[in-house]
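Visitor: Please take me through one part of this model in detail. I would like the enclosed space inside it, and the elements around that space, treated together.

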Amino acid sequence: MGKINKSKAKKSKKDEDGPMFDFVEEEVTEDFPEEDEEEEIPKKEKEKLKLKKKKTKSKLAATKNKDDFKHLPKNERGKALKKALKKDKRARQEERQKIRDELGGSAPQKEVPKTIESTREYDATMVNEDDDEVEHDEANDEFSSYFKRETSPKVMITMSPKSKLTTWKFCYELQKCIPNAEIYSRKNVLLKKIIEQAKEREFTDLLIVHEDRKKPTGIILCHLPEGPTAYFKINSLTFTQDLKKFGESTSHFPEIILNNFNTRLGHNIARMLACLFPHDPKFTGRRVVTFHNQRDYIFFRHHRYEFKKEGEKAALLELGPRFTLRLKWLQKGTFDAKWGEFEWVLKRHEMETSRRRFFL
């Protein structure tokens, strides 16, 4: 017998039994993209991916090292390295900005830099926006009459007994910044008597500049007539004449900027500082007084601004003085060394256990 072809036998069986699956033909109504559109979409995506990769490479680009400046003398290497690093940083920033402009709306969001302030520990006294409890407390506190514009500030400035020239100079510098401020020599009068005299003369605030080793080292700020009283330590004091470029202040009422006071204590201190200055600033003078809180250090700056290029840019001229305040304690009511009730006291070894813990 002859050999039978297996493939032919299988085909014959399939033909006899019929197809195993029944297929139903349907009309396809989907609109497929044309050949040109199919090619354009991947090209755009590829270009975007290339730009994004280029942006990440610019971030990770190598910078200059100390070894690149070995040919220079040792006393010049540090300055040369700083200049080179600044130049590299600017070049990388400009390159990233160009890529961001090319990407447009599809550009990735800017990353928030991780700093000590942005990673601060959570505080239960942090104030949120539109907090009804905080608004109620602030509407009925000791400073409410000022913010309701029922009283205008009148400040008395004095100093510790037998103060030296630098302390007097600092008092005159404060008088230039604060409108409606008057300086009085303290002599040997007790603070309680000075507070009573200030109340009789209808002063709203009292500033006492403390001196140590012939230099001003602290300020007691007492809000009248009911308090509270705060003590600040003075750091990094620079007088107007010691600045590189400075201008002369005018008699116009300044604008007040209170920045980064986030807790209940910070709000209280910020309101206390705001009460030193009149309500309505005179914008014709273009004076600005800034209290900027950073890591519980309050930076004081006094500037005059000027618009340039049809309001696109603003130039600043510092009027001085320049100093930093550090809150040490806050007391309820007016100053009382024996029986005063302290609302908050800075205990460094107990409270400053973490670098990321702040109170203002």
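Guide: What follows covers the cavities of this model and then the helix and strands beside the main one. The model is predicted.

The structure holds 2 cavities of 30 Å³ or more. The largest encloses about 130 Å³ of space. Its lining is made up of 14 residues, and those nearest the centre are Leu174, Leu207, Leu276, Phe291 and Phe323. In character the lining is uniform: 14 nonpolar residues, no polar and no charged. Helix H6, strand E4 and strand E10 (322–331) each contribute at least two residues to this lining.

Take H6 to begin with. The helix covers residues 165–177, which is 13 residues; at 1.5 Å a residue these should span 18 Å, and the end C-alpha atoms lie 19 Å apart, in agreement with that. Its buried residues are Thr167, Phe170, Cys171, Glu173, Leu174 and Cys177. Because they cover an arc of only 160 degrees around the axis, these residues sit on the same side of H6. The general rule behind such a pattern is that an α-helix has 3.6 residues a turn, so residues three or four places apart point the same way. Leu174 belongs to this buried set, and Leu174 is also among the residues nearest the centre of the largest cavity.

Strand E4 comes next. E4 runs over residues 215–223 and is mostly covered, with 7 of its 9 residues buried. On one side of the pairing, strand E3 (residues 205–212) is joined to E4 by 8 bridges, and the two run antiparallel. Aspartate 212 has lysine 215 of E4 as its bridge partner. The hairpin of E3 and E4 has 2 residues between the strands, and arginine 213 there takes a positive phi near 55 degrees.

E4 also pairs with strand E5 (residues 229–238), again in the antiparallel sense, over 5 bridges. Cysteine 222 stands opposite threonine 229 of E5. In this hairpin 5 residues lie between the strands, and glycine 227 has a positive phi near 90 degrees.

The second largest cavity holds about 50 Å³ of space. Leu265, Asp296, Arg326, Leu327, Trp344, Leu346, Phe359 and Leu360 form its lining. These divide into 6 nonpolar, no polar and 2 charged residues, whereas the lining of the largest cavity has no charged residues.

Technical notes:
Residues are numbered from 1 along each chain as its sequence is written. This is a predicted model: local features need pLDDT of at least 70, side-chain atom pairs count only at pLDDT 80 or more; totals for chains, interfaces and linings use all residues. Side-chain values use heavy atoms; hydrogens and water are left out. Helices (H or I, at least four residues) and strands (E, at least two) are DSSP runs, numbered from the N terminus. The expected span of a helix is 1.5 Å times one less than its number of residues. Buried means under 20% relative accessible area, exposed over 50%, partly exposed in between (1.4 Å probe, protein chains only). The arc is that of the directions from the helix axis to the C-beta atoms. Two strands pair if DSSP finds at least two bridges between them. On a 1 Å grid over the protein atoms alone, a cavity is a set of points where a 1.4 Å probe fits but cannot get out, and a pocket is an open set with protein on both sides within 12 Å along at least five of seven lines; lining residues have an atom within 4 Å of a point. Grid points are joined across faces, edges and corners, and a volume is the space filled by probe spheres set on the points. Ala, Val, Leu, Ile, Met, Phe, Trp, Tyr, Cys and Pro count as nonpolar, Asp, Glu, Lys and Arg as charged, and the others, Gly among them, as polar.
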